[in-house]
Amino acid sequence: MTWRDLFKTALSNLGRHKVRTVLSSVGVAVGILTMVTMLSLGVGVQREMIRNFQSIGLETLTLRPKFEERSLFNQFGEPRRTKLLTPTLADELRARPEVVKVTPRIYLPNSMRISLRIDGHEVSIWVWDTDDEGPTEPFSSPVEAVAGRTIESDDPGHITLSTDLLEEMDIDDYQALIGQEVELVLRAPRGDTVAFPFTVVGVLNGRRGVRLGFSDQLALKSWWYNDPKLLETQGYDALTVRTTSLSAATRLLGDLEEQGFEVRSTKMMLDMANRGILIMQAMLGSVGLVALLVASLGIANTMIMAVYERTKEIGVLKAVGAAPRQIRGLFIIEAALIGLIGGVAGTVGGWLLGLGLNRLIVVIMAWQELTIPQNIHFFALSWWLVALALAFATVVGLLAGLYPAARAARLDPLEALRHE
Amino acid sequence: MDIVVRTVGLTRRYKMGDAFVDALRGVDLTIARGEFVALVGPSGSGKSTVLNLIGGLDRPTSGQVWINGTELSASDERTLTRHRRQQVGFVFQSFNLLPRLTAEENVALPLMFSGVPEKERQARARALLERVGLGPRLTHRPTQLSGGEQQRVAIARALVGQPALLLADEPTGNLDTAIGAEIMALLKELNQERGLTLLVVTHDPEVAAFADRIVRLRDGRVQEGGGRP
C-alpha cells in the first residue's frame with residue numbers, strides 16, 4: 001500500500017462525514033489560531049523593537065548619576081546625587097579611543113511650568129530633548145524639519161516648534177515663522193516670572209512642544225532652581241555615549257559600573273524587553289496549547305466513533321488481506337489530516353486576525369494622536385511560524401489518532417465481520 | 001495428489017458466558033487442488049468455523065491447518081495476513097462490499113494492500129468483472145447493483161489476488177433460487193476453466209449439488225469422509 005493510496009483512502013473516508021470532520025478540526029483550528037496569533041504578535045513586536053533599538057544604536061550607553069537611597073529624611077523632593085556626571089567626566093570619556101561621541105543631557109523637571117509666547121499669544125508647552133543623534137528611545141519616529149532646520153546640541157538662543165503645537169495655535173505658514181522672535185515664559189512657585197527670548201530656526205514634525213539646545217535648557221533649569229552653579233552642584237542629568245561597536249559598549253559598561261555609575265545600554269534594554277516578550281509568548285502560547293489539548297480529545301473521540309462505525313468494514317479489509325499495520329496507518333493518517341485541516345484553517349484565521357488587529361491598532365493609535373511609525377506590523381507571520389503551526393496541528397491529530405488506530409488494528413477479523 | 005488444504009484433529013472451543021461450547025471436536029479434512037467441495041450440515045454444526053479456520057480469520061483451539069504445505073495454527077499475525085492476501089479469497093453471504101466504492105474499486109481493493117500498482121489493479125479488476133459478466137457495470141456502486149450482481153462483484157474481488165483457494169460461506173443465502181443457481185453455475189465454471197479449488201459452506205442441498213464432493217458436518221465432526229452427489 002503506497003502513501004498515495006493511504007492518503008487517497010483517508011481523504012475519501014473523511015469526505016464521507018464532512019460535517020463531523022469539519023467539527024473535529026474546528027477545535028484544532030481554534031487552538032492553532034490562538035497560538036499563531038500570539039506567536040505572530042510576539043514575533044512582530046520583537047521585530048519592531050529590534051528595529052527601533054537598532055535605530056537608536058546598540059553601541060550606545062546611557063549614563064545616569066548615582067542617587068542617594070531614599071529614606072525617611074529625604075523622601076520628599078529629589079534625592080541627593082552621590083556620583084555626579086561632570087564636564088570633566090564627559091571629557092575623559094571623549095578621550096577614550098572606543099568612544100565616538102558623548103552627548104550631555106539636561107532634563108527639565110515635570111513640575112516646571114513653561115509657556116511659549118508668540119505675537120502676544122501664550123500657550124503652555126513642554127520642552128523636548130534636542131534629539132540631534134536621532135531617536136533615543138524605542139517607538140519614536142525620527143524628527144524631521146518641515147521648515148528651517150532641526151536644533152543642534154549646542155545651539156544657544158535658537159528654538160524649534162512642532163507642527164502639532166502650531167496647528168493648535170492655528171498657524172499654518174511655517175516658513176514665515178523662521179527668524180521670528182518668540183519668548184519662553186517661566187513662572188516659579190516663589191513668585192518670580194522670567195521671559196527668555198529665542199529665535200525660531202525651524203518647524204519640526206512630531207511631538208507637541210519645543211526643542212532647545214543644551215545650554216538653553218541648562219539656563220532654564222538654573223533659573224528654576226535659582227542655582228547659577230547648577231552644573232557644578234548637580235552635574236548633567238545624563239550622558240549619551242556612542243561607542244565604536246557593541247562589544248566596546250559592553251566593555252565600557254563594565255568599567256563605568258565598577259566606578260559606581262548608573263549605566264544602561266540599549267542592548268540591556270533590548271534583552272530585558274526580549275525576556276518580557278518571551279514570557280508573554282509562553283503565557284499566551286500555553287492558552288493555545290490547552291485549546292489544542294482539548295481539540296486532540298475531540299479528534300480521539302471522532303476517531304473512536306469512526307472505528308466503531310466501521311468495525312464491519314475493518315473486518316472486510318482484514319479478510320481481503322489488509323495488515324494490522326495498514327489499518328493502523330489508515331486511521332492515523334485520517335486523524336493527522338483532521339489536524340492538518342484544522343491547522344490550515346487556524347493559520348489562515350490567525351493571519352487574517354493579525355491583519356485585522358494590526359489595522360485596528362493603527363486606527364486606535366491615529367485616533368489617540370500617537371505618532372505611527374512607517375509600516376508597523378505588530379503581527380508578523382513568518383514562514384517558520386506557518387510551518388511550525390501546520391506541523392504541530394498535524395502531530396496533535398496524529399497523536400490523538402494513535403489509540404483509536406491501534407484499536408482498529410487489533411480488532412479480531414471474525415468479530416469485526418459479525419458486527420452490524 | 002496435490003493437496004491444497006489439510007486439517008488434522010481440528011477443534012475449536014468458544015467461551016459463551018460461563019460455559020464452553022465446542023464448535024469443532026476434531027475435524028480431519030483434505031481438499032485436493034482443483035476440487036469443488038461443499039461443506040454441509042445443520043446450523044450450529046461448525047461449517048463456518050471450519051471455513052474461518054482454513055481462511056485464517058480464526059485460530060483453532062487445537063489441531064493443525066495446512067495450506068499448500070504451510071501450517072497456519074502456529075503462525076503469527078503477519079503470516080496470517082499474508083495467507084489471507086495470497087492463498088485464499090472469501091465470498092460472504094451478505095456480499096460485504098464497501099458501499100462507497102464502485103464495483104471496480106471494490107474488486108481492486110485487495111490488490112491495494114498487496115502493493116500492486118494502480119494501473120495494474122484497474123486492469124485486473126476490469127478483466128475479472130468482464131469475466132463475471134459485469135463489464136458494463138464497472139462504475140456502479142453496490143447500492144446500484146442487484147443482489148446477484150453484488151455477489152458477482154464479491155466473487156471477482158475474491159479472485160483478484162489469484163488465490164489457491166476460494167472460500168464461500170452460504171454464497172446464495174441472500175439470493176433467490178434462480179439467481180443463486182446462476183451464482184453457483186458461475187463458481188462451477190470458474191472451477192472448471194481455471195482449476196480453482198472451491199470450498200462452499202451451505203445448508204442447501206441444491207447448492208451442494210454443484211460440488212464434486214460433499215462433506216457433512218454434525219456436532220463438530222465430519223460425518224462422512226466424502227461422497228459424490
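In the predicted model, helices α9(A) and α11(A) are oblique to each other, because their axes cross at roughly 140 degrees and an angle has to be over 145 degrees to count as roughly antiparallel. Helix α9 covers residues 266-309 of chain A and helix α11 covers residues 324-367 of chain A, and the two axes come within 10 Å. The crossing in which α9(A) passes α11(A) is right-handed. On the side of α9(A), the residues that meet the partner helix are A:Ala295, A:Ile299, A:Thr302, A:Met303 and A:Val307. They face A:Phe331, A:Glu334, A:Ala335, A:Ile338, A:Gly339 and A:Gly342 in α11(A). Sorted by class, this contact between α9(A) and α11(A) consists of seven nonpolar, three polar and one charged residues.

Helix α11(A) also packs against helix α12 of chain A, which spans residues 383-410. The angle between α11(A) and α12(A) is about 150 degrees, and their axes are 6 Å apart. Here too the crossing is described by its hand: α11(A) passes α12(A) in a right-handed crossing. The contact of α11(A) with α12(A) is made up of 23 nonpolar, eight polar and two charged residues.

These helices belong to a chain whose secondary structure comprises 13 helices and 14 strands. Chain A is divided into two domains, of which domain 1 combines residues 3-54 with residues 271-418, while domain 2 is formed by residues 59-265. The centres of domain 1 and domain 2 of chain A, taken over C-alpha atoms, are separated by 52 Å. With regard to overall dimensions, the C-alpha trace of chain A spans about 105 × 50 × 45 Å along its principal axes. The radius of gyration of chain A is 33 Å, whereas a compact globule of 420 residues would have a value near 22 Å.

Chain B contains seven helices and 10 strands. Its radius of gyration is 17 Å, close to the 17 Å that the globule rule gives for 229 residues, so chain B is as compact as a globular protein of that length. Taken along the principal axes, the C-alpha atoms of chain B fill a box of roughly 50 × 45 × 40 Å.

Chain B is likewise assigned two domains: domain 1 joins residues 1-87, 165-173 and 190-229, and domain 2 consists of residues 93-162. A distance of 24 Å separates the centres of domain 1 and domain 2 of chain B, taken over C-alpha atoms. Seven residues from domain 1 of chain B and eight residues from domain 2 of chain B take part in the contact between them. On the side of domain 1 of chain B that touches domain 2 of chain B, the elements that give two or more residues are α2 and β7 (165-169) of chain B. By class, that side of domain 1 has two nonpolar, two polar and three charged residues.

A further helix pair is found in chain B, where α3(B) packs with helix α4 (residues 118-131) at an angle of about 125 degrees, with the axes 8 Å apart. This angle makes α3(B) oblique to α4(B). As for its hand, α3(B) passes α4(B) in a right-handed crossing. The residues that α3(B) brings to this contact are B:Ala103, B:Glu104, B:Val107, B:Ala108, B:Leu111 and B:Met112. Those from α4(B) are B:Arg121, B:Gln122, B:Arg124, B:Ala125, B:Arg126, B:Leu128 and B:Leu129. In terms of class, the contact of α3(B) with α4(B) has eight nonpolar, one polar and four charged residues.

The contact between the two chains takes 19 residues from chain B and 15 residues from chain A. On the side of chain B that touches chain A, the elements that give two or more residues are α2 (77-86) and α3 (103-113) of chain B. The residues on this side of chain B divide into seven nonpolar, six polar and six charged. Helix α2 of chain B thus appears both in the contact with chain A and on the side of domain 1 of chain B that touches domain 2 of chain B, while α3(B) gives residues to the contact with chain A and packs with α4(B).

Key: Residues are numbered from 1 along each chain as its sequence is written. Chains are lettered from A and ligands numbered from 1 in the order in which they are written. This is a predicted model: local features need pLDDT of at least 70, side-chain atom pairs count only at pLDDT 80 or more; totals for chains, interfaces and linings use all residues. Axes are lines fitted to C-alpha atoms, for helices over the stretch in contact, and angles run from 0 to 180 degrees between N-to-C directions. Helices (H or I, at least four residues) and strands (E, at least two) are DSSP runs, numbered from the N terminus. Angles under 35 degrees count as roughly parallel, over 145 as roughly antiparallel, 65 to 115 as roughly perpendicular and the rest as oblique. A crossing is left-handed if the near helix is turned anticlockwise from the far one by less than a right angle, and right-handed if clockwise. Ala, Val, Leu, Ile, Met, Phe, Trp, Tyr, Cys and Pro count as nonpolar, Asp, Glu, Lys and Arg as charged, and the others, Gly among them, as polar. Domain bounds come from an automatic or database domain assignment. The radius of gyration is taken over C-alpha atoms; the globule rule is 2.2 Å times the number of residues to the power 0.38.
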